[in-house]
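Please open the structure in a viewer and keep the selection tool at hand. The tour proceeds by selecting a few residues at each stop.

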Amino acid sequence: MAVFPIQPVPLIIPSASNCLLWMRPQDTRAENMTFSAGRLAAIKNLANNRILINNTVTANQPSTGVETINGLNAIGFDNDNNRWLLTGLPASITNFTVFVVVQQLVSATQGIVFGGSASVQTIRMTIGNTGFNTNDGTTGLSLTAGVSVLTAPAIFAITGNATTLIRNLYKNSATIGTTGAYDGGIVPAFFGSASSGSGNARGGFKLGETIVYKSVLSADEITTIMRYLANQWGVILT
């Protein structure tokens with residue numbers, strides 16, 4: 001198993017009161033992560049200091065200690081049911097901002113699901129050329145034309161505003177998409193990949209730091225978080 005330097009928790013804006021979920025896989029200390037045989041059993045939600053336990057089936061636990069992003073430990077989603085059951089979160093959220101550091105492992109429409117067990121009430125972030133979808137995914141927020149494989153790590157943010165019904169998608173701090181196809185109401189039941197409830201958001205990617213807010217952050221706040229993540233993960237912002 002690879003050995004990574006200790007990563008202490010930084011005192012920075014992700015600890016704000018409206019932060020719902022904050023996972024740092026680069027911090028491999030026992031108090032932050034529980035894993036064995038290359039599989040992740042638990043990771044702490046630093047927003048509320050709870051441990052999130054994932055699927056109890058070992059084969060469906062994401063890998064860790066073997067995948068890296070720019071030399072830092074990451075979480076590998078290598079099948080279609082690598083996910084955590086989330087605990088200690090609100091029953092539903094309406095406004096949100098989600099940040100993820102991701103890199104694709106294979107060329108396909110792999111992605112991340114944050115939400116319920118069905119395709120509705122879900123933030124479905126597909127890393128392929130279909131872009132990022134939310135809720136029923138009828139309208140996607142597309143990546144830049146021709147970008148279908150993230151061979152280099154990237155930082156994405158997606159916001160959903162239940163008042164304006166607008167979603168915005170950012171990649172490495174640049175706005176790359178906007179749409180009005182959001183009707184509010186996300187059920188934060190699980191996080192990860194699951195083909196039965198996520199359309200094309202299937203395994204085949206590696207995930208770095210993840211931060212979810214239960215509010216729509218301002219442009220300045222989004223830039224601040226992007227800069228923090230870029231500094232942590234060695235990603236060049238646009």
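Select Asp 27 and Arg 29 first: in this predicted model, their side chains meet in a salt bridge, with 2.7 Å from N to O. Asp 27 is buried, as its relative accessible area is 1%, under the 20% cut-off for that class. Arg 29, at 24% relative accessibility, counts as partly exposed.

Keep Arg 29 selected and add Glu 31. These two residues also form a salt bridge, and their closest N and O atoms lie 3.6 Å apart. Glu 31 has a relative accessibility of 46% and therefore counts as partly exposed. Through shared partners, the salt bridges join Asp 27, Arg 29 and Glu 31 into one network. In general, side chains of opposite charge can pair when their charged atoms come close.

How many salt bridges does a search of the whole structure find? The search finds three. To see another of them, select Arg 24 and Glu 209, whose closest N and O atoms are 3.3 Å apart. This pair links distant parts of the chain, 185 residues apart. Arg 24 belongs to the loop between strand E1 (19-23) and strand E2 (33-36), while Glu 209 lies in strand E16 (residues 205-213). Are these partners buried or exposed? Arg 24 is buried, with a relative accessibility of 0%, and Glu 209 is buried, with a relative accessible area of 0%.

Next, select Asn 60, in the loop between strand E4 (50-53) and strand E5 (63-69). Its relative accessibility is 19%, so Asn 60 counts as buried; the cut-off is under 20%. Which residues is Asn 60 in contact with, leaving aside its neighbours within four places in sequence? Displaying the surroundings shows Asn 54, Asn 55, Asn 79, Asn 81, Asn 82 and Arg 83.

For the last stop, select helix H1, residues 219-233. At 1.5 Å a residue, its 15 residues should span 21 Å, and the end C-alpha atoms are indeed 21 Å apart, which agrees. Now colour the buried residues of H1: Ile 222, Ile 225, Met 226, Tyr 228, Leu 229, Ala 230 and Trp 233. When viewing them, it is useful to recall that an α-helix has 3.6 residues a turn, so residues three or four places apart point the same way. Finally, move to Gly 234, which follows H1 and has a positive phi, near 70°.

Definitions and conventions:
Residues are numbered from 1 along each chain as its sequence is written. This is a predicted model: local features need pLDDT of at least 70, side-chain atom pairs count only at pLDDT 80 or more; totals for chains, interfaces and linings use all residues. Side-chain values use heavy atoms; hydrogens and water are left out. Helices (H or I, at least four residues) and strands (E, at least two) are DSSP runs, numbered from the N terminus. Buried means under 20% relative accessible area, exposed over 50%, partly exposed in between (1.4 Å probe, protein chains only). Contact means heavy atoms within 4.5 Å. A salt bridge is a side-chain nitrogen of Lys or Arg within 4 Å of a carboxyl oxygen of Asp or Glu. The expected span of a helix is 1.5 Å times one less than its number of residues.
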